[in-house]
Amino acid sequence: MTTEEIKKILEAELDKKRFTHSIGTAETAVKLAKKFDIDPVRIEIAGLLHDCAKGMSVDNQIDFAYKHSIELDPWLLKNPGIIHTKIGAYLAVHKYGIPENDGEILNSIIYHTTGFADMGMFEKIIYVADYIEPNRDYSKREKFYKSAFDTFEEAVLKITVNKMKYVIKKKTILHPWSIEFYNSLVEARQFSPI
Ligand SMILES: [Fe+2]
Ligand SMILES: [Fe+2]
């Protein structure tokens with residue numbers, strides 16, 4: 001499926017705000033990808049699709065997961081706002097034709113909220129682009145955006161800390177993937193100072 005075909009489906013299925021966010025994530029991801037020599041077409045597809053399941057309510061996402069044998073771990077069930085990541089990866093394969101063995105695109109969708117230990121550059125770009133794209137509205141967004149283009153690895157860590165703080169402040173469940181990702185970033189930083 002081409003990016004234009006994907007956009008058409010997303011525009012019909014997502015609300016305006018989520019569709020605009022998806023376009024913003026894809027565009028920001030492409031800019032970062034060019035800087036780091038990552039295939040811009042593939043990253044645009046990942047950026048467009050990262051929230052493709054957000055058109056479904058959380059209840060429908062859970063029903064969909066059971067119906068299609070998509071594994072939801074207890075942490076996801078306790079923090080249902082993240083379930084769309086797993087559903088999104090399923091839809092990417094079964095609806096948008098992403099090959100089942102395309103680990104970069106599928107993992108970038110599954111882990112765009114939490115990250116995961118030793119995440120690769122492709123997946124990190126989607127993780128960052130989702131958080132800094134210009135349609136997002138929070139106080140530090142511009143600062144993180146600039147940081148992502150100036151000192152990418154440092155931005156990944158700062159964004160991760162900010163996300164974790166947000167979850168802790170709300171006293172909601174912090175998925176172990178986030179903690180593992182944070183630890184892997186800190187460890188990598190100790191060995192290669194930024
Ligand atoms: Fe998302
Ligand atoms: Fe998103």
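Analyst: A residue is buried here if 20 or more other C-beta atoms lie within 10 Å of its own. The model discussed below is predicted.

User: Which residues of helix α3 count as buried?

Analyst: They are Ile43, Glu44, Ile45, Ala46, Gly47, Leu48 and Leu49.

User: What makes α3, as a whole, a mostly covered helix?

Analyst: The helix spans residues 40-49, and seven of its ten residues are buried. Those buried residues pack against α1 (3-13), α2 (16-35), α6, α7 (103-110) and α8 (121-132).

User: Which residues of α7 are buried, and what covers them?

Analyst: Ile105, Leu106, Ser108, Ile109 and Ile110 are buried in α7. Their cover includes α3, α6 and α8. Over the protein, 37% of the 194 residues count as buried.

User: Why is Lys78 called exposed?

Analyst: A residue is exposed if 12 or fewer other C-beta atoms lie within 10 Å of its own. Lys78 has 12 such atoms, so the residue is exposed. Lys78 belongs to helix α5 (residues 74-78). The C-alpha atom of Lys78 is separated by 6.5 Å from that of Ile173, although the two residues are 95 apart along the chain.

User: What are the secondary structure elements of the protein, and how do you know whether it is as compact as a globular protein of its length?

Analyst: The protein has eleven helices and zero strands, and from the N terminus on the order is α-α-α-α-α-α-α-α-α-α-α. The radius of gyration is 16 Å, and the globule rule gives 16 Å for 194 residues; the two are close, so the protein is as compact as a globular protein of that length. Along the principal axes, the C-alpha atoms fill a box of roughly 45 × 35 × 35 Å. Of the contacts between residues at least 6 apart in sequence, 59% join residues at least 24 apart.

User: Why are α4 and α6 called oblique to each other?

Analyst: The axes of α4 (residues 58-67) and α6 (residues 83-94) come within 10 Å and cross at roughly 50 degrees. Angles under 35 degrees count as roughly parallel, 65 to 115 as roughly perpendicular, over 145 as roughly antiparallel, and the rest as oblique. The angle falls among the rest, and the two helices are therefore oblique. The crossing in which α4 passes α6 is left-handed.

User: Which residues make the contact of α4 with α6, and how do they divide by character?

Analyst: In α4 they are Val58, Gln61, Ile62, Phe64 and Ala65, and in α6 they are Ile83, His84, Lys86 and Ile87. This set divides into six nonpolar residues, two polar and one charged.

User: What makes α6 roughly antiparallel to α7?

Analyst: Their axes come within 7 Å and cross at roughly 150 degrees. Angles over 145 degrees count as roughly antiparallel, and that makes the term apply to α6 and α7. The crossing of α6 past α7 is right-handed.

User: Which residues of α6 and α7 meet, and into what classes do they divide?

Analyst: Thr85, Lys86, Gly88, Ala89 and Ala92 of α6 meet Ile105, Leu106, Ile109 and Ile110 of α7. The contact holds six nonpolar residues, two polar and one charged. Gly counts as polar and Lys as charged under the definition, and Gly88 and Lys86 are among the residues of α6 in this contact.

Note on methods. Residues numbered from 1 in each chain as written. Chains lettered and ligands numbered in written order. Predicted model: local features only at pLDDT ≥ 70, side-chain atom pairs only at ≥ 80, totals over all residues. Helix = DSSP H or I, 4+ residues; strand = E, 2+ residues; numbered from the N terminus. Rg over C-alpha atoms; globule rule 2.2 N^0.38 Å. Contact = placed C-beta atoms within 7 Å. Axes fitted to C-alpha atoms, helices over the stretch in contact; angles between N-to-C directions. Left-handed = near helix turned anticlockwise from the far one by under 90°.
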